[in-house]
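Colleague: Please pick one part of this model and take me through it closely. Add the surroundings where they help.

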Amino acid sequence: MSLEQALNDQERLAQLDRAQLEQLVGLVEYDASGDPFPVSGWDALVWAVGNATQTAHFYQSALGMELVAYSGPETGNRDHLAYVLESGAARFVVTGAYDPSSPLADHHRRHGDGIVDIALSVPDVDRCIAHAAGQGATVLEQPRDLSDEHGTVRLAAIAAYGDTRHTLVDRSRYTGPYLPGYVARRSTHVKRDGAPRRLFQAVDHVVGNVELGAMDRWVDFYNRVMGFTNMAEFVGEDIATEYSALMSKVVANGNHRVKFPLNEPATGKKKSQIDEYLEFYGGPGAQHVALATNDILTTVDALRGEGVEFLATPASYYEDAELRARIGEVRAPIEELQARGVLVDRDEDGYLLQIFTKPIGDRPTVFFELIERHGSLGFGIGNFKALFEAIEREQEKRGNF
Ligand SMILES: [Fe+2]
């Protein structure tokens, strides 16, 4: 695979290069020829929200994303409004029903704000669907073409955990801003003077929460149906605090752009954060989206400046001698990390910096992670305990612990 082919259009437009992507999201070389379900990367994360107009504003003002396309009554959409937002190679689509009989309105009533569709970019939609159907996957939409004056997009969809779906998208013959039915639209939001050009460059991973006992079934689904492989950080043991526990395993597509950690609750003394999610989301769903940044300190400062709240990290986290020894030398002084609550984890390949927001909607469900990788291809397993204890303090405040 040539260097050019290794990058998708979004990444080229965002002026990312191969070396940056290797660093940012742990991109690896792989041979797609033997892959039964080749996936080249993320296409979009599609959100169902209660108010797409205001959510789109939040993503522009707080997360620094650019509005690029729109669909609504003016474009002939009689069902919902949709705003397409980008930051580097990351694309979000926020959708909100305005027709009360819209299926989106039902979805939102059941689940609250959340991700309905983790859309993936694939070079051959038909090949993927044929393989998925042969493996017993639920095909929600058979392959079809959508066309307008900008060309043709081929897409299909399969069911994932809960009410989440994977739309498979081949936009190689399309030059429009998103999909047929959408028109180009620019942000009216004006960035503050001196604001960074963007606050994150790509989506790194999306975590799914599934019911007790279902994690291995979904790992098997991604292995068998979608050709994903298990990543090195594939831990079956409970990740436990004194009170609650969960299990987590990670699958990834061939080039590692798309990484799906899958969590299930484990039995503990109190209600696990995964149980709280499942209760309030109304079943399995996407728990958090990790956004890859090359400067987590600046990004955290910018988000905090816009009022985004992060989980607090206890001072003991930074003062713990064992932890400090394990962290070793990182690119910023520990004091800078501590001032912002940024966590560090290290493995044999390098280290990563990460931080987690509080839930972004009304329900205690979906939230964001910011991640800055320096060689580590992990997910911060060394931080799970410190992090879960911080989450438990928040659960306690909500009376859900
Ligand atoms: Fe994560």
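Modeller: I start with His256, which lies in the loop between strand 13 (245-252) and strand 14 (259-266). Helices (H or I, at least four residues) and strands (E, at least two) are DSSP runs, numbered from the N terminus. Residue numbers count from 1 along each chain as its sequence is written. The model is predicted: local features need pLDDT of at least 70, side-chain atom pairs count only at pLDDT 80 or more, and totals for chains, interfaces and linings use all residues.

Although His256 is not a glycine, it has a positive phi of about 70°. Most residues other than glycine have a negative phi. His256 is also buried, with 21 other C-beta atoms within 10 Å. Buried here requires 20 or more other C-beta atoms within 10 Å of the residue's own; 12 or fewer is exposed, in between is partly exposed, and C-beta atoms are placed from the backbone.

Further along the chain is helix 9 (residues 296-305), whose buried residues are Ile296, Thr299, Val300, Ala302 and Leu303. These residues sit on the same side of helix 9, because they cover an arc of only 165° around the axis; the arc is taken from the directions from the helix axis to the C-beta atoms. Their cover includes helix 12 (334-340), strand 17 (350-356) and strand 18 (367-374), where contact means C-beta atoms, placed from the backbone, within 7 Å. Just after helix 9, Gly307 has a positive phi of about 90°.

Strand 17, part of that cover, has 6 of its 7 residues buried, so it is largely enclosed by the rest of the structure. Strand 16 (residues 343-347) runs antiparallel to strand 17, with 5 bridges joining them; pairing requires that DSSP finds at least two bridges between two strands. A hairpin of 2 residues connects strand 16 to strand 17. Strand 17 also pairs with strand 18, again antiparallel and over 5 bridges. Leu353 of strand 17 stands opposite Val344, and its bridge partner in strand 18 is Glu372.

As for the record, an unreviewed UniProt entry lists residues 41-171 and 202-358 as "domain: VOC". UniProt positions follow the numbering used here, feature names are shortened, and annotations may be inferred rather than shown by experiment. The span of residues 41-171 is 22% helix and 49% strand, and its end C-alpha atoms lie 12 Å apart.

Methods:
Two residues are in contact if their C-beta atoms, placed from the backbone, lie within 7 Å.
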